[in-house]
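Please find below a short note on the two ligand sites of this structure. The points are numbered so that each may be checked in turn.

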Amino acid sequence: MQIFNTLSRQKEEFVPIEEGKVRMYVCGPTVYNLIHIGNARPMIVFDTVRRYFEYKGYTVNYVSNFTDVDDKIIKKAIEEGTTSDAVSKRYIVECKKDMADLNVKPATTHPLATEEIDGMISMINTLIEKGHAYKAEDGTVYFRTRSFPEYGKLSHRNIDDLESGHRDIKVAGESTKEDPLDFVLWKPKKEGEPYWKSPWCDGRPGWHIECSVMSKKYLGQEIDIHAGGEDLIFPHHENEIAQSEAANGVQFSKYWMHNAFLNIDNKKMSKSLGNFFTVREITEKYDPQVVRFFMLNAHYRSPLNFSAELMESAKSSLERITTAARNLKYRMDNAAEKKSTDAETALYMTTNEFVNKFEEAMEDDFNTADALSAIFEFVKFINTNVSEASSKEFAKLLYDRLEKLCGVMGLLLETDEEDLDSEIEKMIEARQQARKNKDFAEADRIRDELLSKGIILEDTREGVKWKRA
Ligand code: AMP
Ligand code: ZN
């Protein structure tokens, strides 16, 4: 399996640290608002990466944090006259709802920065002991950037070029730093802010140290994959590498994966520019599966422009898959023949080709767009080769295969209520037909099957009505 590694700027063969296992950390959102669909891109992309590893038989330890202490959260709390804890708790709940809607699997662990302060103090202590960090007069602790000779290796920047870029900061008077390149590990509290006791001052951690510590605690010092949006390469991930490798003395992460941005009108979608849609707004208009399809229909390293046209086209593409699935389901329930014929068995074997294409695409740095094309070829095959004469077994084999491939993409075959409703209508129709044919056993069977799905039928003068139990 090839993965594009930001460290080497090349595709590299994936070799896990421990056989059969993947240790993966994905930087999570800062929780001060509903997440926007830009934030959903890394969630969906790396959830799909995880699902593919699982499909290949790996056990994935997937850690994704919530940054629940931050200037923006504090600002929001002040505006609302509440605590930053109340703000972050509220938006963690909302974020988890959106993730569930988007069929993003819960992480193995979702650590919260505020619950890991002891680990942060301990890592900062180690960095001070090793000469990689120092306390300034006002109690701020800084990382001594020049003490880490490999600084810049992820973002491919030269430390001296960075120095000149930081002159303005020097002028702006961050006078407590030894060097303008140094970054904050611990900062003193300001009035009204949440704080923790530490050996240096009452205060709170810098953002970068949070991820270094949470990754180490839940995954160990050396991990396979660290991921996030491309805006995190510098300085966040560069700083994480400096902290973790300086403290632990071993390589932090073997592979660094970064998704490109989701844009709107070809401009970066961001809260600060005000040109964003929340996941909630979009999922009120579209089935969340459509959002997922839209994201995966592009390569994760290519910028993606959000537009109503693309969403509409994602919607109709997805419908092609769910329609094929519904037809297969219908055949499974209504086929006269139970067992596959020899011809069907042979036909089924030819669909290995689509699985191979799908896997090849995914093995090539998770090319989900090509993987979806393989699924569409498979859908076309289903539409041409499944008919009223098809056996139940043939329909089921095809359904299971389609479900498995779509499952890697996190796409469900039975999606919104509409789909479900139309399936129910079809079953009711089939029951009416059975009654017309005086096949009362079949009519009863359908009624029972509907009942098992929680659907109650009522025969009224106007015809059959149904309701949910
Ligand atoms: P934040 O809450 O800003 O820390 O962002 C959480 C995650 O969303 C990070 O991995 C960001 O890189 C990512 N992200 C933020 N905005 C976008 C966007 N417009 N497109 C893609 N990823 C984004
Ligand atoms: Zn992070």
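**Note on the ligand sites**

1. The model under review is predicted. In it, a backbone N or O atom of Gly229 lies 3.0 Å from an oxygen atom of ligand 1. The protein buries 89% of the 490 Å² that ligand 1 exposes when taken alone.

2. Two further backbone contacts involve nitrogen atoms of the ligand. A polar backbone atom of Gly38 is 3.1 Å from a nitrogen atom of ligand 1, and for Met269 a backbone N or O atom lies 3.0 Å from a nitrogen atom of ligand 1.

3. The surroundings of ligand 1 comprise 15 residues, and those that come nearest are Gly38, Gly229, Asp231, Leu262 and Met269. By type, the shell divides into 7 nonpolar, 7 polar and 1 charged. Helix H1 gives the largest share of this shell, 3 residues.

4. The zinc ion (ligand 2) has as its protein donors Cys27 (SG), Cys211 (SG), His236 (NE2) and Glu240 (OE), which lie 2.0 to 2.8 Å from it. Along the chain, these donors follow the spacing C-x183-C-x24-H-x3-E. Cys211 belongs to helix H7 (residues 207-219) and His236 to helix H8 (residues 233-248), so that this pair, 25 residues apart, links distant parts of the chain. Cys211 and His236 are both buried.

5. Why is the arrangement around the zinc ion (ligand 2) described as irregular? The 4 donor atoms subtend angles of 69 to 126°. A tetrahedral arrangement of four donors would need all angles to lie between 85 and 135 degrees; the arrangement is irregular because of the angles found here.

Technical notes
Residues are numbered from 1 along each chain as its sequence is written. Chains are lettered from A and ligands numbered from 1 in the order in which they are written. This is a predicted model: local features need pLDDT of at least 70, side-chain atom pairs count only at pLDDT 80 or more; totals for chains, interfaces and linings use all residues. Side-chain values use heavy atoms; hydrogens and water are left out. A residue is near a molecule or strand if one of its heavy atoms lies within 4 Å of it. A polar contact is a pair of N or O atoms within 3.5 Å; within protein, one must be able to donate a hydrogen and the other to accept it, and residues adjacent in sequence count only if both atoms are side-chain atoms. Accessible areas come from the Shrake-Rupley method with a 1.4 Å probe; for residues, only the protein chains shown count as cover. Helices (H or I, at least four residues) and strands (E, at least two) are DSSP runs, numbered from the N terminus. Ala, Val, Leu, Ile, Met, Phe, Trp, Tyr, Cys and Pro count as nonpolar, Asp, Glu, Lys and Arg as charged, and the others, Gly among them, as polar. Donors are N, O and S atoms within 2.8 Å of the metal (3.2 Å for Na, K and Ca); water is not among the atoms, so sites may look incomplete. Four donors count as tetrahedral if all angles lie between 85 and 135 degrees; four count as square planar and six as octahedral if opposite donors are over 155 degrees apart and all others between 65 and 115; anything else is irregular. Buried means under 20% relative accessible area, exposed over 50%, partly exposed in between (1.4 Å probe, protein chains only).
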